[in-house]
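Hi,

Here is the structure I promised to send over. Have a look at it first, and then read my notes underneath.

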Amino acid sequence: MDLVVFLPLLIILGAFMFFASRRQKKAMQATIDLHESLQIGDRIHTTSGLQGTITGITDDNIDLEIAPGVVTTWMKLAVRDRITSDADDYDDVDDTDESNEVTSSATEVTESTSVVDSTADSDRLKKD
């Protein structure tokens, strides 16, 4: 009778383990496929967030140009993903005017908040 009580729990646990390991295998295969498909000239992200262009490839390492004339050597395992052309389109857009507007509106909000806070503080001091 004790086995009948635990049977649904064991089935659910087994299904969870099966699907979790399947998902992990798919992710690992996608990473292996990415590392095997890397070519010189590809733009990539590393696991630490660095962006660069591949200038050389060996069995275990890649050479990344992270700035004009600055080439560093990385393990292939450090490559997180390839930068697609969609992401490059966003890099080419000059949005300095938009960033200034966002900064100025954030400053206005901060200033108005500090005025409200100081007004609330002075009201509280008057009550005391």
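Below is what I found when going through it.

First, a word on trust: this is a predicted model. Mean pLDDT for the chain is 76, with 66% of the residues at 70 or more. The stretch to be wary of is 92–118, where pLDDT stays under 50. The model also has zero contacts beyond four places in sequence for those residues. Where pLDDT is low, the predicted coordinates should not be read in detail, so please don't lean on that part.

Now the overall layout. The chain has three helices and five strands, and going from the N terminus they come in the order α-β-β-β-β-β-α-α. Of its 128 residues, 13% count as buried. If you take the contacts with a separation of 6 or more, 34% of them join residues 24 or more positions apart. The exposed area is about 10,300 Å², and carbon and sulfur atoms supply 59% of that.

What sits in the inside? The largest nonpolar core has seven residues: Leu34, Leu38, Ile44, Ile54, Ile62, Leu64 and Val79. Leucine 64 is a good one to click on. Once you ignore its neighbours within four places in sequence, leucine 64 still touches a whole list of residues, including Ile44 and Ile54. Val70, Val71 and Trp74 are also among its contacts, as are Thr46, Gly52, Thr53, Thr55 and Thr72.

On the charged side, how many salt bridges are there? The count comes to two. One of them pairs arginine 82 with aspartate 42, and their closest N and O atoms are 3.3 Å apart. Arginine 82 is in strand E5 (residues 79–82), while aspartate 42 is in the loop between helix H1 (2–37) and strand E1 (43–46), so this pair ties together parts that are 40 residues apart in sequence. Are the two partners buried or exposed? Aspartate 42 counts as buried because its relative accessibility is 15%, whereas arginine 82, at 31%, counts as partly exposed.

The other salt bridge is between arginine 80 and aspartate 81, with 3.9 Å between the closest N and O atoms. Here arginine 80 has 45% relative accessibility and so counts as partly exposed. Aspartate 81 comes out at 28%, so it is partly exposed too. As background, side chains of opposite charge can pair when their charged atoms come close.

There is also a nonpolar patch on the surface, about 540 Å² of it, made by Leu3, Val5, Phe6, Leu9 and Leu10. Leucine 10 belongs to helix H1, and because its relative accessibility is 48%, leucine 10 counts as partly exposed.

One last spot to look at is threonine 58, in the loop between strand E2 (51–57) and strand E3 (61–67). Its relative accessibility is 46%, so threonine 58 counts as partly exposed. Threonine 58 and lysine 76 are 18 residues apart in sequence, and their C-alpha atoms are 8.8 Å apart in space.

That's the lot. Shout if anything looks odd on your screen.

Cheers

How values were computed:
Residues numbered from 1 in each chain as written. Predicted model: local features only at pLDDT ≥ 70, side-chain atom pairs only at ≥ 80, totals over all residues. Heavy atoms only, no water. Salt bridge = Lys/Arg side-chain N within 4 Å of Asp/Glu carboxyl O. Helix = DSSP H or I, 4+ residues; strand = E, 2+ residues; numbered from the N terminus. Buried < 20%, exposed > 50% of the residue type's maximum accessible area, 1.4 Å probe, protein only. pLDDT = per-residue confidence, 0-100. Contact = heavy atoms within 4.5 Å. Core = buried A, V, L, I, M, F, W, Y, C linked by side-chain atoms within 4.5 Å. Areas by Shrake-Rupley, 256 points an atom, 1.4 Å probe, with all protein chains shown as cover. Patch = residues over 30% accessible without salt bridge, like charges linked within 9 Å, V, L, I, M, F, W, Y side chains within 5 Å.
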